[in-house]
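Subject: Structure handover

Hello,

Here is the structure you were due to receive. My notes on what turned up in it follow below.

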Amino acid sequence: MIRQTLRVLSGLPRLDGVATDRYVVQADYIREDDTFINGMKLFSRAKGCDIVLMNSSTRGLLGLCLMRWLRPFHRWRLVSLDIHLNEPIGWKQQVATALKRFLLKKVDLHILFFNDLAGYEKWFGITSAKSRFVPFKVNSWEIISHDEAANGEGEYVFCGGRSLRDLETFKRAMAQVSFPGLLLYQQDTSFMALHGTPVDLNGLPPNVRPERHDGNNDTWIEYIRRAKIVVIPAFANSIYAPGLSLYLLAMALRRCVIISEGPQTRGLLDKEAVIVPPEDPAALARAIEKVWKDGVFRKQVADAGRKYAERCAGEDRMLADIADACWNLVVGKAP
């Protein structure tokens, strides 16, 4: 059987060469500058492609959508991968959301790492009819997949990550327990705020140690490996899925995860993590207390999480799923 060529303009550097018995991906890499103007400029590069794949590049994607409205005669398909959108607050954001909703009509397919689309559909018109769920990958899977050293008990309650973390709830929950905690924040508080995570180090309970992290991947893994519990607190109004990469990494390292309910859990997690109501310090404190003290329960959750991480695996699996979604779009199969 002769394999067809799937020509892709993509921000994924390792997508080129992904193949099945039906197709092989020929991908040109674009170093995405996530600006509206850059998205408009990409329109001229798309000629001759089957797919333009925009990876976590919301402003660039919107610029490309505008060009598709202005110049509607083209044969290539536009795919967004892992688009980050937030519920609007105030009339200015609602106006901007209405404009984004209009522009996003020009996207042929949204590939998302979560499948609870209630918020995306309500505010941005992104429905399951134009979406495809692909599980996210375990970062550094090739390094940690055979790691058995992470079976130890761990030292602290860990809270980290930069996107849409409700650190105030974590602080208030930790004030209700006596166990040692580590609050890891990246670079500085202003950098965290840019990613939707306000950091206020004032009023931290004495059992929580704040620490600044430089973003190094090796030390990031080591912080999680040394944790007894990994806590991922999220806001109640989040329509995106924060914490996916952290909880998959923690699960791969057999760390027990406690996480706020939301798009990051609905339809994805059950017994693989301890799921608590968002913005509820008392519920979070009770979960931390139980997980810390009940070693049998903690191990059950951690083992279930490890199995889930094994199913998600690494980048090769994720790229194959992304390529397959693009191929099905080109040949006319529904998401």
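Two residues are taken to be in contact when heavy atoms lie within 4.5 Å. The packing described next rests on that cut-off. Please keep in mind that this is a predicted model.

Helix α9

Helix α9 covers residues 244-252, and eight of its nine residues are buried. Those buried residues are L244, L246, Y247, L248, L249, A250, M251 and A252. They pack against three helices, α5 (141-144), α8 (217-225) and α11 (295-312), and against the strands β7 (156-159), β10 (227-232) and β11 (256-260). After α9 comes R254, which has a positive phi, near 60°.

H110

H110 sits in strand β5, which runs over residues 109-112. Is H110 buried or exposed? Its relative accessible area is 2%, and buried means under 20%, so H110 is buried. Leaving aside residues up to four places away in sequence, H110 touches S80, I83, L104, I126, K130, S131 and R132.

Salt bridges

Side chains of opposite charge can pair when their charged atoms come close. In this model the count of salt bridges comes to 19. Three of them are described here, starting with R14 and E315.

The closest N and O atoms of R14 and E315 are 2.4 Å apart. R14 lies in the loop between β1 (4-10) and β2 (23-29), while E315 belongs to helix α12 (residues 315-330), so this salt bridge ties together parts that are 301 residues apart in sequence. R14 is partly exposed at 43% relative accessibility, and E315 is also partly exposed, with a relative accessible area of 24%. R14 and E315 are linked with D316 in a network of salt bridges.

The next pair is R68 and D108, whose closest N and O atoms are 2.9 Å apart. This pair links distant parts of the chain: R68 is in helix α2 (residues 58-70) and D108 in the loop between α3 (91-103) and β5, with their positions 40 residues apart in sequence. Which of the two, R68 or D108, is buried? R68 has 4% relative accessibility and counts as buried, whereas D108 is partly exposed, with a relative accessible area of 26%. The loop that holds D108 leads to β5, the strand in which H110 is placed.

R306 and E310 form another salt bridge, at 2.9 Å from N to O. How are R306 and E310 placed in helix α11? They are four residues apart in that helix, so about one helical turn separates them. R306 counts as buried at 4% relative accessibility, but E310, at 39%, counts as partly exposed. Helix α11 is also one of the elements that the buried residues of α9 pack against.

A nonpolar patch

W69, L99 and F102 make a nonpolar surface patch of about 290 Å². L99 is located in helix α3. Its relative accessibility is 51%, and the cut-off for exposed is over 50%, so L99 counts as exposed.

In short

Helix α9 is mostly covered, and H110 is buried in the model. The salt bridge of R14 and E315 joins parts that lie 301 residues apart in sequence, while R306 and E310 pair within helix α11. On the surface there is a nonpolar patch made by W69, L99 and F102.

Regards

How values were computed:
Residues are numbered from 1 along each chain as its sequence is written. This is a predicted model: local features need pLDDT of at least 70, side-chain atom pairs count only at pLDDT 80 or more; totals for chains, interfaces and linings use all residues. Side-chain values use heavy atoms; hydrogens and water are left out. Helices (H or I, at least four residues) and strands (E, at least two) are DSSP runs, numbered from the N terminus. Buried means under 20% relative accessible area, exposed over 50%, partly exposed in between (1.4 Å probe, protein chains only). A salt bridge is a side-chain nitrogen of Lys or Arg within 4 Å of a carboxyl oxygen of Asp or Glu. Patches are made of residues with over 30% relative accessible area and no salt bridge: like charges are joined within 9 Å, nonpolar side chains (Val, Leu, Ile, Met, Phe, Trp, Tyr) within 5 Å. Accessible areas come from the Shrake-Rupley method with a 1.4 Å probe; for residues, only the protein chains shown count as cover.
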